[in-house]
Amino acid sequence: MTGLKEQIDQLVRIAGDAYGLSPSQIRSRWRGHEVVMARFMIWHFMHRRGMTSQAIGREFDRHHTDVLYGLKRLKERIPLDKQLRTAFEAVKEQTNGTWH
């Protein structure tokens, strides 16, 4: 069984693959649209798994309110953005139930 850190790293890789991004790009301070949406998606799956916004923020070197904003923004955007919805479903499928 893998530890939480390894599972988070795997989730970051899967989400990065969906957007053509490297893990270092996702964990960077860069705020490009694709990076932000991938990051928000990762935070969603981590939060669904029971991680607090504080714990997620620590993992990504962000304030917990940034995480809360990202969770809200993703929820608002999924119904409106087909590309985001497609990427979200691909990540969800590739995680094989580990993160949802």
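1. A word on terms before the pockets: Ala, Val, Leu, Ile, Met, Phe, Trp, Tyr, Cys and Pro count as nonpolar, Asp, Glu, Lys and Arg as charged, and the others, Gly among them, as polar. Keep in mind, too, that this is a predicted model.

2. With those classes in hand, take the second largest pocket: its lining splits into four nonpolar, three polar and three charged residues. The space in it comes to about 180 Å³. Ten residues line this pocket, and the closest to its centre are His44, Arg48, Leu74, Ile78 and Phe88. Helices α3, α5 and α6 (82-94) each put in at least two lining residues.

3. The largest pocket has a volume of about 230 Å³. Among its lining residues are Arg29, Arg31, Arg39, Trp43 and Tyr69. Four of the lining residues are nonpolar, none is polar and five are charged. Helix α3 gives the most here, four residues.

4. Now the rings: there are four aromatic pairs. Trp43 and Phe60 have ring centres 6.0 Å apart and planes at 75°, so they make an edge-to-face pair. Trp43 is in α3 and Phe60 in α4 (residues 53-60), so this pair ties together parts 17 residues apart in sequence. Both are buried, Trp43 at 1% relative accessibility and Phe60 at 2%.

5. Phe45 and Phe88 are a stacked pair, because their ring centres are 5.0 Å apart and their planes at 15°. They link α3 to α6, 43 residues apart. Phe45 is buried at 1% relative accessibility, and Phe88 at 9%.

6. Look at Phe60 once more: ring pairs join it with Phe40, Trp43 and Tyr69 in a cluster. The charged end of Arg27 also sits over the Phe60 ring, 4.7 Å from its centre.

Notes: Residues numbered from 1 in each chain as written. Predicted model: local features only at pLDDT ≥ 70, side-chain atom pairs only at ≥ 80, totals over all residues. Heavy atoms only, no water. 1 Å grid on protein atoms, 1.4 Å probe; cavity = no way out; pocket = protein on both sides within 12 Å on 5 of 7 lines; lining within 4 Å. Points joined across faces, edges and corners; volume = space filled by probe spheres on them. Phe/Tyr/Trp six-rings, centres within 6.5 Å; stacked < 30°, edge-to-face > 60°. Buried < 20%, exposed > 50% of the residue type's maximum accessible area, 1.4 Å probe, protein only. Lys NZ or Arg CZ within 6 Å of the ring centre and 35° of its normal.
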